[in-house]
Amino acid sequence: MSGATEASPRPSEYVYGPGAAIALLGQKWIPRDAKCVASARRFVRDVAADWNATHDAPDIAELLASEVVTNALMHGAVNLPAASTVRIAVGRDGRLMTVDVYDACIAIPELRRADSMETSGRGLAIVETLSHKWGWTLHPHGKSVWFQLAAWPEG
């Protein structure tokens with residue numbers, strides 16, 4: 001799988017990546033609290049399973065959602081009110097599942113290459129490696145970090 005980082009302005013409707021509107025399968029808001037990452041992981045995995053995503057797509061979606069949600073909570077929440085929330089949305093565009101994580105911070109995510117002895121800094125590299133495509137989009141009041149997985153057969 002190959003990943004591509006890209007940013008593109010988009011209207012406020014539910015549109016990702018190449019600019020096509022996608023079908024919303026589910027969305028969830030979580031408080032800005034690290035203990036809520038498990039809830040976000042379960043949500044993404046359950047949506048993928050409920051919509052009969054193939055093979056290991058639910059497992060990969062769960063892992064990648066964990067990385068992106070953790071980044072939103074740890075890095076996207078600096079200097080924001082404790083009451084702010086993170087939104088996780090799962091959509092479908094043909095064979096692709098899109099998971100989008102929105103937070104109220106406008107800081108652009110940075111892909112790092114962690115040294116072998118570092119204990120953090122690999123999240124977006126994992127997303128890049130395992131996703132079909134990933135990227136970020138700035139909004140008037142924050143940003144979305146999204147990834148896509150091939151989750152359903154062509155057709």
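**Talking through the helices and loops of a predicted model**

Colleague: Where is N52 in the protein?
Modeller: Happy to start there, bearing in mind that this is a predicted model. N52 lies outside the helices, in the loop between α1 and α2.

Colleague: Is N52 buried or exposed?
Modeller: The cut-off for exposed is over 50% relative accessible area. N52 has 60% relative accessibility, so this residue counts as exposed.

Colleague: What is notable about phi of N52, and what is its value?
Modeller: Good one to look at on a Ramachandran plot. N52 is a residue other than glycine, yet its phi is positive. The value is near 55 degrees.

Colleague: And H55, which has a positive phi in a residue other than glycine: where is it, and is it buried or exposed?
Modeller: H55 is in the loop between α1 and α2, and its phi is near 50 degrees. Its relative accessible area is 79%. With exposed set at over 50%, H55 is therefore exposed.

Colleague: What end-to-end distance does helix α2 have, and what should it span?
Modeller: Helix α2 covers residues 57–74, which is 18 residues. At 1.5 Å a residue, the helix should span 26 Å. The distance between its end C-alpha atoms agrees with that, at 25 Å.

Colleague: Which elements cover the buried residues of α2?
Modeller: The buried residues in α2 include I60, L64, V68 and L73. Both helices and strands take part in covering them, and the list includes β3 (23–31), α1 (37–50), β4 (85–93), β5 (96–103), α3 (123–130) and β7 (142–150).

Colleague: How do α2 and α3 pack, and what is the handedness of their crossing?
Modeller: The axes of α2 and α3 are 9 Å apart, at an angle of about 145 degrees. On the α2 side I60, L63, L64, E67, V68 and N71 meet G123, L124, I126, V127 and L130 of α3. The residues of this contact divide into 8 nonpolar, 2 polar and 1 charged. As for handedness, the crossing is left-handed.

Colleague: Which side chain does T137 join in a polar contact?
Modeller: T137 sits in strand β6 (residues 133–139). Its relative accessibility is 1%, so T137 counts as buried. A polar contact of 3.4 Å joins its side chain to that of W146.

Colleague: Stepping back, in what order do the elements run?
Modeller: The protein has 3 helices and 7 strands, and 45% of its 155 residues count as buried. From the N terminus on, the order is β-β-β-α-α-β-β-α-β-β.

Conventions:
Residues numbered from 1 in each chain as written. Predicted model: local features only at pLDDT ≥ 70, side-chain atom pairs only at ≥ 80, totals over all residues. Heavy atoms only, no water. Helix = DSSP H or I, 4+ residues; strand = E, 2+ residues; numbered from the N terminus. Expected span 1.5 Å × (residues − 1). Buried < 20%, exposed > 50% of the residue type's maximum accessible area, 1.4 Å probe, protein only. Contact = heavy atoms within 4.5 Å. Axes fitted to C-alpha atoms, helices over the stretch in contact; angles between N-to-C directions. Left-handed = near helix turned anticlockwise from the far one by under 90°. Nonpolar A, V, L, I, M, F, W, Y, C, P; charged D, E, K, R; others polar. Polar contact = N/O pair within 3.5 Å; in protein donor to acceptor, adjacent residues only side chain to side chain.
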